[in-house]
Amino acid sequence: MRLSAENLVGERGGEPVFHDIGFALEAGRALLVTGPNGVGKSTLLRIVAGLLPAAAGTVRLAGGGEAWPDVAAASHYLGPHNAMKTTLTVGENLAFWRDFLGEPHLAVDEALEMVGLEMIAHLPFAYLSTGQRRRAAIARLLVSYRPVWLLDEPTSGLDAASAAQFAALMGAHLEDGGLIVAATHLPLGLDNATELVMGQGGKDG
Amino acid sequence: MSDAAAATGRLTGLANPTRFLALVDRVVPWLGGAALLTVAVGLFLGFAAPEDYQQGITVRIMYIHVPFAWLGMLCYTVMAVSALGTLVWRHPLADVALKAAAPIGAAFTLLALVTGSIWGKPMWGTWWVWDARLTSVFVLFLMYLGIIALTRAMDDPTRAGRAAAVVALVGFVNIPIIKFSVDWWNTLHQPASVIRFDGPTIHPSLLVPLLVSAAGFTLMFFTLHLMAMRTEIWRRRVIAMRRLAARAAEGGGR
Amino acid sequence: MLALYLRDVRVGVRAGGGALVGVVFFLAVVAVIPFGVGPDLNLLARIGPAVLWIGALLASLLGLERLFQLDREDGSLDLMVMAGERHLTALSVLVKCLAHWTASVLPLVAVTPLLGLFMNVAPAGLAAATATLLVGTPAIVFVGAVGAAVAVALPRGGLLVSVLILPLVIPILIFGVAAVRGAVADPDPFLPPFLILLALTLFFAVIGPLAAAVALRWSGD
């Protein structure tokens with residue numbers, strides 16, 4: 001499986017934010033998108049996810065076969081928000097995403113155990129702290145299988161121990177032949193990840 | 001210790017929810033028993049009382065209808081006092097009292113409306129007329145529903161309590177104005193054609209059962225109110241413990 | 001899809017009594033009419049069905065702007081759009097509409113007979129009003145979904161949604177009230193307007209979610 005982007009141009013509110021971004025990612029590899037605020041890291045991720053149209057250029061997923069026809073279908077997107085309902089319990093939230101997203105992978109309990117939240121599956125999401133909420137959102141990546149993980153600041157709000165735990169989860173996903181594209185300010189603890197530094201050559205002005 | 005100091009001491013003692021819960025646990029069975037007994041006696045007397053020469057057997061619904069209507073108003077008064085307690089004295093149980101009273105008041109008001117229209121159906125030939133008294137009670141019911149919706153809409157009990165207290169007080173101040181304007185509206189449109197009970201002319205044989213029944217339902221109201229307050233305190237404790245559990249999972253998970 | 005329906009109903013029921021507010025609003029709207037027109041029971045009986053319909057219409061517009069806004073704020077909407085390959089976005093929208101209808105509008109239909117009593121509507125009229133609302137209000141939600149989807153990115157879209165939708169739901173109001181009148185007054189027929197109302201609902205059940213899905217697709221930023 002191979003995820004590639006060529007000559008991407010991203011716009012926000014009609015203003016171009018970056019030009020000519022391209023990358024190619026093989027199965028089992030990770031891409032770290034770094035750079036200062038405002039260079040369009042989130043915009044790039046949303047374009048890759050298919051949530052925003054690219055002003056120019058293409059994003060392609062090759063070798064996905066029948067199961068993963070395009071990037072959006074093959075991807076988990078962990079955006080700045082956690083996509084959880086505060087009035088439902090952690091377990092209910094995850095069970096919903098497991099049903100809705102299909103391709104069930106880990107059971108809800110197992111996924112929560114992986115992020116250290118197994119004790120509080122019965123609590124409404126509203127009672128969780130910021131870091132716990134983020135970890136619950138990370139557990140969503142585990143309950144349903146997708147080969148590509150698109151992560152926008154995945155470790156924001158996580159303490160060092162949780163970030164290390166998450167690094168281990170990402171490592172396992174890569175070993176399984178998954179792909180990761182992560183926009184981040186913080187080191188994610190991934191070995192042999194390619195780095196795409198935005199805001200140097202790609203952006204004019 | 002002077003009496004005033006003792007009274008203050010009791011009040012602050014009651015402010016402690018644990019002491020309050022213990023008191024409620026002790027009082028509720030007795031109060032509830034007394035309420036049931038009094039209501040039973042009142043209703044028995046009501047059925048033993050002679051029928052009204054005009055309205056026949058339908059008059060018996062009065063023995064529950066009138067207490068319901070009276071409690072609908074008493075409950076709003078209790079809420080207004082609780083609102084004062086929240087805003088002025090900052091008594092920690094006042095907002096619990098207000099929140100717990102609202103659904104009970106709404107239930108009694110609704111029962112008053114329902115029994116009233118059942119009573120009225122044979123007289124008026126329809127379930128509902130926009131008579132001044134009924135309309136005022138209906139507006140009261142709407143006010144209850146608004147306050148219930150408000151207390152349920154906010155997560156933070158303190159903030160919800162204060163908002164509800166303000167609304168309840170404004171509503172309480174407004175009640176005479178509403179009553180007056182509804183009366184005015186009604187006489188403007190139709191002269192009073194509906195048969196009315198005039199309090200003083202009611203015969204003692206009807207009045208005694210009515211008073212006993214009213215006393216019974218009042219006791220029942222206070223029983224229900226104390227139980228609802230207890231439930232609300234427990235509910236808040238459950239919320240607090242859930243927050244603790246979320247925090248404890250953080251400490252223990254590592 | 002069933003999971004989405006159950007989740008949305010659950011959220012709708014648990015989130016701070018939204019259904020209760022809708023019902024109280026309905027009650028209040030219907031209750032202020034007599035204060036305006038006077039307590040004449042014959043007059044009220046005549047305008048009763050229309051008042052019930054207008055009240056239900058306004059009350060069901062009440063929570064519509066939240067149909068997608070909450071999902072957008074917490075990021076769920078992105079995931080639903082991305083899952084378009086697996087679950088057609090229009091279908092997700094349809095399910096969300098049905099869930100919203102179940103949690104917020106069905107209670108309105110349930111209290112309609114009671115409110116009809118206040119307006120002195122005849123028993124046949126009560127039954128007809130309830131039946132027409134049961135059949136007609138989903139159409140309001142489906143049309144409303146388009147407005148909600150268009151206004152999803154606006155912070156204060158609620159009023160705008162109502163303004164956008166009200167002209168579009170006029171046909172639903174016309175045939176709903178016509179059917180109720182048909183059930184009460186003798187010369188007017190009940191069934192033809194009722195069937196047209198049903199047809200409108202089915203029509204909007206297709207058009208509304210499709211248009212809303214397109215609008216949502218391009219609402220991302």
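Surface patches here are made of residues with over 30% relative accessible area and no salt bridge, with nonpolar side chains joined within 5 Å. The model is predicted.

**The nonpolar patch on chain C**

Val21(C), Phe25(C), Ile54(C), Leu58(C), Leu62(C) and Leu166(C) make a nonpolar surface patch of about 410 Å². Two elements of chain C give two or more residues to this patch: α2 (18-37) and α3 (41-62). The largest share comes from α3(C), with 3 residues. Leu166(C) sits in helix α8 (residues 158-184) of chain C. Why does Leu166(C) count as partly exposed? Its relative accessibility is 32%, and partly exposed covers the range between under 20% (buried) and over 50% (exposed).

**The negative patch on chain A**

Chain A contributes a charged counterpart. Asp109(A), Glu110(A), Glu113(A) and Glu118(A) form a negative surface patch. Glu113(A) belongs to helix α4 (residues 108-114) of chain A. Glu113(A) has a relative accessible area of 52%, so Glu113(A) is exposed.

**Salt bridges**

Over all chains, the count comes to 16 salt bridges. Three of them are set out below.

| Lys | Acid | N to O distance |
|---|---|---|
| Lys85(A) | Asp74(C) | 2.9 Å |
| Lys99(B) | Glu232(B) | 3.4 Å |
| Lys96(C) | Asp8(C) | 2.5 Å |

Take the bridge between Lys85(A) and Asp74(C). This pair crosses between chains. Lys85(A) lies in the loop between β5 (75-78) and α3 (90-101) of chain A. Asp74(C) lies in the loop between α4 (66-73) and α5 (76-82) of chain C. Are Lys85(A) and Asp74(C) buried or exposed? Both Lys85(A) and Asp74(C) are buried.

Next comes the salt bridge of Lys99(B) with Glu232(B). Lys99(B) is in helix α4 (residues 94-124) of chain B and Glu232(B) in helix α7 (residues 204-253) of chain B, so the pair ties together parts 133 residues apart in sequence. Lys99(B) and Glu232(B) are both buried.

The third bridge joins Lys96(C) and Asp8(C). It links distant parts of the chain, 88 residues apart. Lys96(C) is in helix α6 (residues 89-118) of chain C, and Asp8(C) is in helix α1 (residues 2-14) of chain C. Lys96(C) and Asp8(C) are both buried.

Which residues are linked in a network of salt bridges? The network takes in Lys85(A), Arg7(C), Asp8(C), Asp71(C), Asp74(C) and Lys96(C). Its members Lys85(A) and Asp74(C) form the bridge that crosses between chains. Lys96(C) and Asp8(C), also in the network, form the bridge at 2.5 Å.

**Chain B and its helix α5**

How many helices and strands does chain B have? Chain B comes to 7 helices and 0 strands. From the N terminus on, its elements run α-α-α-α-α-α-α. Of the 254 residues of chain B, 43% count as buried.

Helix α5 (residues 132-153) of chain B has 22 residues. From first C-alpha to last, α5(B) reaches 32 Å. That is close to the 32 Å expected at 1.5 Å a residue. α5(B) is mostly covered, with 16 of its 22 residues buried.

Notes. Residues numbered from 1 in each chain as written. Chains lettered and ligands numbered in written order. Predicted model: local features only at pLDDT ≥ 70, side-chain atom pairs only at ≥ 80, totals over all residues. Heavy atoms only, no water. Patch = residues over 30% accessible without salt bridge, like charges linked within 9 Å, V, L, I, M, F, W, Y side chains within 5 Å. Areas by Shrake-Rupley, 256 points an atom, 1.4 Å probe, with all protein chains shown as cover. Salt bridge = Lys/Arg side-chain N within 4 Å of Asp/Glu carboxyl O. Lys, Arg positive; Asp, Glu negative; His and termini not counted. Charge placed at Lys NZ, Arg CZ, Asp CG, Glu CD. Helix = DSSP H or I, 4+ residues; strand = E, 2+ residues; numbered from the N terminus. Buried < 20%, exposed > 50% of the residue type's maximum accessible area, 1.4 Å probe, protein only. Expected span 1.5 Å × (residues − 1).
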